[in-house]
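Here are my notes on this one, jotted down as I went through it. Have the viewer open while you read.

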Amino acid sequence: MCEQRDKFISEKLSLMEERCRRNKLSLTVQRRAILENLASRSDHPTADQIYAAIQGKITGISRTTVYRVLETFVQLGLAQKISNPEAKARFDADTRRHHHAICVNCEEVIDVHAPDLDSIAIPDVGQAFQVTDYSVNFTGICRNCLAKGGAAHITERGVVS
Ligand SMILES: [Zn+2]
Ligand SMILES: [Zn+2]
């Protein structure tokens, strides 16, 4: 697992070098540190969480820089942003199609790999919109929160509150 993670990080970093070169972006220490941190974790951090993790290591880095760099990574296809309208944007270095389960209590996000969900037919959403991608978000209660007694009650719509 650890070796796999190391391999993933180094592949990500070389992909970044290539994408930066192609887009004539300089390969800054900040960009490298931010991608390295994002690729090393699987908790789908917010920009603030990445900032907190690297702030002591990279001198003079600002929160704004972290936000901006993460947006650049999304544009370069190095990371994806998990959309959850109710919460802060979360970032994921894994850009392959996969899905997420989100805890409504603590906002933990875990990966869901389910081949059945990877090939669903895109419904007709009308002429005014062209679907380019999708992912499925499941909401519920994570194991930690369940263990702490943060038990769920499931409403009629299946929404846990
Ligand atoms: Zn939780
Ligand atoms: Zn993910």
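**Notes on the hairpin, the sheet and a helix pair**

1. Let's start with the hairpin: strand β3 (residues 99–103) and strand β4 (residues 109–112) are paired antiparallel, with four bridges between them. Keep in mind throughout that we're looking at a predicted model. Five residues sit between the two strands of this hairpin, and E107 has a positive phi there, near 65°.

2. For the register, two pairs are handy to click on. A101 has I110 in β4 as its bridge partner, and H100 stands opposite D111, also in β4.

3. Zooming out, the hairpin is part of an open sheet of three strands, ordered β4-β3-β5, with mixed pairing. At the edges are β4 and β5 (137–140), each of which pairs on one side only. Ignoring direction, neighbouring strands in this sheet are turned against each other by 25° on average. As a reminder, strands in a sheet pair through backbone hydrogen bonds, in either a parallel or an antiparallel way.

4. I110 deserves its own point. This residue lies in strand β4. Is I110 buried or exposed? Neither, quite: I110 has 15 C-beta neighbours inside 10 Å, so it counts as partly exposed, given that buried would take 20 or more and exposed 12 or fewer. Leaving aside residues up to four places away in sequence, I110 touches H100 and A101. There's also a long-range pair to look at: the C-alpha atoms of I110 and S42 are 7.6 Å apart, although 68 residues separate the two along the chain.

5. Now the helices. α2 (residues 29–40) packs with α4 (residues 63–75) at about 75°, and their axes are 10 Å apart. That angle makes α2 roughly perpendicular to α4, because the roughly perpendicular class runs from 65 to 115 degrees.

6. Which residues of α2 meet α4? On the α2 side they are Q30, R31, I34 and L35, and they meet T65, V66, V69, L70 and F73 in α4. By type, the residues of this contact divide into six nonpolar, two polar and one charged.

7. Last, the domains. The chain is divided into domain 1 (2–82) and domain 2 (96–147). Taken over C-alpha atoms, the centres of domain 1 and domain 2 are separated by 23 Å.

Conventions: Residues are numbered from 1 along each chain as its sequence is written. Chains are lettered from A and ligands numbered from 1 in the order in which they are written. This is a predicted model: local features need pLDDT of at least 70, side-chain atom pairs count only at pLDDT 80 or more; totals for chains, interfaces and linings use all residues. Axes are lines fitted to C-alpha atoms, for helices over the stretch in contact, and angles run from 0 to 180 degrees between N-to-C directions. Angles under 35 degrees count as roughly parallel, over 145 as roughly antiparallel, 65 to 115 as roughly perpendicular and the rest as oblique. Two residues are in contact if their C-beta atoms, placed from the backbone, lie within 7 Å. Ala, Val, Leu, Ile, Met, Phe, Trp, Tyr, Cys and Pro count as nonpolar, Asp, Glu, Lys and Arg as charged, and the others, Gly among them, as polar. Two strands pair if DSSP finds at least two bridges between them. Domain bounds come from an automatic or database domain assignment.
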